[in-house]
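I opened the notebook to go through this structure piece by piece. The entries follow the order in which I looked things up.

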Amino acid sequence: MSKRAYNFNAGPAALPLEVLERAQAEFVDYRGTGMSIMEMSHRGAVYEETHNEAASRLLKLLGNPEGYKVLFLQGGASTQFSMIPMNFLTEGKTAGYVMTGSWAGKAIKEAKLIGEVFEAASSKESKFMNLPDLSNLKLPDNAAYLHVTSNETIEGTQFKSFPDTGSVPLIADMSSDILSRPFDLTQFGMVYAGAQKNLGPSGVTVVIAREELLQDSPKHLPTMLRYDTHAGNNSLYNTPPSFSIYMVNQVLKWIEEQGSLEGIEKKNQEKAALLYNAIDNSGGFYRGCADTGSRSLMNVTFRLASEELEKQFVKESEKEGFVGLKGHRSVGGLRASIYNAVPYDSIKALVDFMAEFQKSNG
Ligand SMILES: *Cc1c(COP(=O)(O)O)cnc(C)c1O
């Protein structure tokens, strides 16, 4: 077998080896058709079965709540930053955003291009190293929705719970932690995620929303930017990213095999604890960036005493087969993205490497 890297990439990110191997096994002849899934019509029965299977698996993992629909879209989570206000932030309304860091900031920037926006809460004062308390939010009567970013991929923070917004739809960008733990979908009007962190390869964006939010988009909107177009056509209005959706289906099947979301959550907690303990028990050699209570189980951000030493850490880690440990260019430092598909053994290897590095440089 070829050697697999210790992959801590932030996105696109590690995929389960079992999924890659299964995809490889049926790559050139999918279900006896004599074709790969990439070579067949998206209107044919074989493709449609896979497409529908992916959507129903996803809802099943979330407990099959009534009245929700899955869409498979393109343009990444970044396009959702625009589609959400275009579809919901209509004349006379205002949209609430919780400002928690880099990705929330990008979502706000797009919404401001479309309509009136207010910051419902912010952790700017702590440089986004903790999360604001959302338990006593006051939302105006004309609020179109409240938008939160469940996991800030760059800063390394993650909400543990979500506010009750009453009749105002709660919308969450879950790009970097969707399906990393169980959550109550019925608390949300909509959740969305680019697939390339926790769901599969890049190229598809998953939207799960209450059906009533996916009807009656404003009349002036272009066809492709309307939720009602995609909802009314089972995400087959135009050619979908068929291979990416096929891969998402494989990843969902793999999640089922891990004990579904409860099983995945337990593994994620063990993985994160191993790494955070190594940081916290290093006598200050490694320092976690996010406040303890706001720490992400998906993106672990940490620093060393100097940028020089951080550079050396990255360089030596790469020699030892570790990939993706450099922090995002906007914040610096180090980051290990430990999504669902990153095996415990990779984190064990990283913790061992960190101890060795400290011994030689501490
Ligand atoms: C990666 C990421 C995005 C951007 O996703 P694209 O698919 O590249 O547009 C948005 N939000 C969060 C939280 C992310 O981690």
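**Entry: a helix pair**

At what angle do helix α7 and helix α9 pack, and how far apart are their axes? I am working from a predicted model. I took α7 as residues 260-280 and α9 as residues 344-361. The angle came out at about 5 degrees, with the axes 9 Å apart. Angles under 35 degrees count as roughly parallel, so α7 and α9 are roughly parallel to each other.

Next I listed who makes the contact. From α7 I noted E270, K271, L274, L275, A278 and I279. From α9 I noted Y344, I347, K348, L350, V351 and M354. I then sorted the residues of this contact by character. Nine are nonpolar, three are charged and none is polar.

**Entry: the whole protein**

I stepped back to the full chain. The secondary structure comes to nine helices and 14 strands. The C-alpha atoms fill a box of roughly 65 × 55 × 30 Å along the principal axes.

What radius of gyration would a compact globule with 362 residues have, and what does the protein have? The expected value is near 21 Å, and the protein has 21 Å, so the two agree.

I looked up burial next. Buried residues make up 53% of the 362 residues. The accessible surface comes to about 16,200 Å². Carbon and sulfur atoms account for 49% of that surface.

I also checked how far along the sequence the contacts reach. I took contacts between residues at least 6 apart in sequence, and 66% of them join residues at least 24 apart.

**Entry: backbone exceptions**

Most residues other than glycine have a negative phi, and most peptide bonds are trans. I went looking for exceptions.

Which two residues does a cis peptide bond join? They are G11 and P12, with omega at about -10 degrees. I placed P12 in the loop between β1 (6-7) and α1 (17-25).

Then I turned to phi. F128 is not a glycine, yet its phi is positive, at about 65 degrees. F128 sits in the loop between β4 (116-122) and β5 (143-149). Is F128 buried or exposed? Its relative accessible area is 13% and the cut-off for buried is under 20%, so F128 is buried.

L179 is another non-glycine residue with a positive phi, near 60 degrees. I found L179 in the loop between β8 (170-173) and β9 (190-194). Its relative accessible area is 0%, so L179 is buried.

**Entry: two prolines in loops**

I started with P132, which lies in the loop between β4 and β5. F128 lies in the loop between β4 and β5 as well. P132 has a relative accessible area of 13% and is therefore buried. What does P132 contact, leaving aside neighbours within four places in sequence? I wrote down V98, T100, A121, S122, S123 and F159. I also took one long-range distance. P132 and S294 are 162 residues apart in sequence, and their C-alpha atoms are 9.3 Å apart in space.

P163 came next. P163 lies in the loop between β7 (157-158) and β8. At 8% relative accessibility, P163 counts as buried. Leaving aside neighbours within four places in sequence, P163 is in contact with L134, L137, L146, L170 and Q187. For a distance I paired P163 with Y47, 116 residues away along the chain. Their C-alpha atoms are separated by 39 Å.

**Entry: two helix residues**

I looked up S242 in helix α6 (residues 242-257). S242 has a relative accessible area of 14%, so S242 is buried. Which residues does S242 contact, leaving aside neighbours within four places in sequence? I noted I37 and Y47.

The last residue I checked was E110, in helix α4 (residues 102-114). How accessible is E110? The relative accessible area is 21%, and buried would need under 20%, so I logged E110 as partly exposed. Not counting residues up to four places away in sequence, E110 touches F81 and S82. I closed with a distance from E110 to K326. These two are 216 residues apart along the chain, and 28 Å separates their C-alpha atoms.

How values were computed
Residues are numbered from 1 along each chain as its sequence is written. This is a predicted model: local features need pLDDT of at least 70, side-chain atom pairs count only at pLDDT 80 or more; totals for chains, interfaces and linings use all residues. Side-chain values use heavy atoms; hydrogens and water are left out. Axes are lines fitted to C-alpha atoms, for helices over the stretch in contact, and angles run from 0 to 180 degrees between N-to-C directions. Helices (H or I, at least four residues) and strands (E, at least two) are DSSP runs, numbered from the N terminus. Angles under 35 degrees count as roughly parallel, over 145 as roughly antiparallel, 65 to 115 as roughly perpendicular and the rest as oblique. Contact means heavy atoms within 4.5 Å. Ala, Val, Leu, Ile, Met, Phe, Trp, Tyr, Cys and Pro count as nonpolar, Asp, Glu, Lys and Arg as charged, and the others, Gly among them, as polar. Buried means under 20% relative accessible area, exposed over 50%, partly exposed in between (1.4 Å probe, protein chains only). The radius of gyration is taken over C-alpha atoms; the globule rule is 2.2 Å times the number of residues to the power 0.38. Accessible areas come from the Shrake-Rupley method with a 1.4 Å probe; for residues, only the protein chains shown count as cover.
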